[in-house]
Amino acid sequence: MFGAVQLGLLAACIVLFVPMGMAGWHLSRNKVLFFSGALFITLAVGVHLTPYFPSLSSYLSSLPPETFVPDRTYCIPLLHQIEYNASNLGGSWSWDDSGPVSACGFEKLGRSDASDLLNGSWVVVAGDSQARLQVLSLLNLILGPDEMGSVRVDLFKRHSDYQIVVDETGTKLDFVWAPYVTNLTDLVMKFKADKNYPDVLVMGAGLWDMLHVTNSSDFGVSLRLLRDSLDSWLPISTEFGTDGPVTGSVSIRSPHLFWLGMPMLISTMLNTEEKREKISDDLRGDYDKELYRSRLLRQSGGPLLLLDIESLSRKCGAGCTMDGMHYEAAVYEASVHIMLNALLIESHQKL
């Protein structure tokens, strides 16, 4: 069967290149006529090869999957389809083993694979305590247990920034305390002024605004200003779909941008009277609406891929939180692996 394909290709080459060479000798001074002749010959070759297409397709389908590197951007909307171990909520999780999710081949990265993926990268995570827990989970993955002791102490200094460089890989990770959206906008504008941009930027805010400002409309205005600052910061303006840049637009591979969503809030478990009074389900709903209206997220045509902590924490449930706001490590571990798998997909890499 494969010999027939080879003979067909050989015949096609003879039919294509011999006449083209002869035509080129005579028609080199008339390029329009030459290329018109080349187009005609190419179409003729297509006719010659048509009988071999079924055999060729069968041959390609018989090759092992690893022969090809498929485009997996269709998998990005499936990244949050995880489940927790019912007997050990908050302790272990895995991706749903249903057909579409299983076919995407999502993987929990080990320390070596995660370090290789982030090798030489500058990662910035900016936001409130949720962002700090995201950093903690990422560092738990790429650092050894001996290093994490001192890291934990420095990382959880109240309302402060944190920076670390992993010597073995050259990975630089910055945590920036930025509890309000206006803080995030200032950070983005600083990157632009310095002309120095991170490879991965994870941002998130909203909890402090809900508690201390309690005005969803103002929150929406701040989000739109952040979106405008990102538009002026990104090297090329790009239209985004839910899976990434839409067809026909210019793809921006770096920096990789993520929005760290707010968790599920359980008002009866919040640890202060002020929080229980101000942070209601209705207010949370208004803040979520403003986030989607801002067009920051890819789901609404923006540049940031959502790390949906609300979905991850809701699946884990009330048993995974002590204060109705901060959750067990498994929630943030899942978020980190979702981010890393998104990076693998968007950079067209495979472990």
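Is Arg227 buried or exposed? In this predicted model, Arg227 is buried, because its relative accessible area is 8% and the cut-off for burial is under 20%. Arg227 belongs to helix H10, which spans residues 216–233. Beyond its neighbours within four places in sequence, Arg227 contacts Ser294, Arg295 and Leu296. It also touches Gly301, Gly302 and Pro303.

The strands were examined next. Six of them form an open sheet with mixed pairing. Their order is E4-E5-E3-E6-E9-E10. E4 and E10 (305–307) stand at the edges and have a single partner strand each, so one side of each lacks a neighbour in the sheet. From one strand to the next, the twist averages 15°.

Strand E5 covers residues 171–177. Six of its seven residues are buried, and the strand is mostly covered. E5 pairs with both E3 and E4. Strand E3 (residues 122–127) runs parallel to E5, and six bridges join the two. Within this pairing, Ala126 has Val176 of E5 as its bridge partner. Strand E4 (residues 162–166) runs antiparallel to E5, with five bridges between them. Here Ile164 stands opposite Leu173 of E5. E4 and E5 also form a hairpin, with four residues between the strands. Gly170 lies in the turn and has a positive phi of about 75°.

Another pairing in the sheet is that of E6 with E9. Strand E6 (residues 200–203) and strand E9 (residues 256–260) run parallel and are joined by four bridges. Leu201 stands opposite Leu257 in E9.

Disulfides were also considered. A disulfide is a covalent bond between the sulfur atoms of two cysteines. A search of the whole structure finds two. Counting bonded cysteines along the chain, the pattern is 1-2, 3-4.

One disulfide is formed by Cys75 and Cys104, with sulfur atoms 2.1 Å apart. The link is left-handed, with -95° about the S-S bond. This pair connects distant parts of the chain, 29 residues apart. Cys75 sits in the loop between helix H3 (53–61) and strand E1 (82–84), whereas Cys104 lies in helix H4 (residues 99–104). Cys75 counts as buried at 0% relative accessibility. Cys104 is buried too, with a relative accessible area of 2%.

Cys316 and Cys320 also form a disulfide, at an S to S distance of 2.0 Å. The torsion about their S-S bond is about -70°, so this disulfide is left-handed. Cys316 is buried at 3% relative accessibility. Cys320 is buried at 1%.

Terms used:
Residues numbered from 1 in each chain as written. Predicted model: local features only at pLDDT ≥ 70, side-chain atom pairs only at ≥ 80, totals over all residues. Heavy atoms only, no water. Buried < 20%, exposed > 50% of the residue type's maximum accessible area, 1.4 Å probe, protein only. Pairing = 2+ DSSP bridges. Axes fitted to C-alpha atoms, helices over the stretch in contact; angles between N-to-C directions. Contact = heavy atoms within 4.5 Å. Disulfide = S-S within 2.5 Å.
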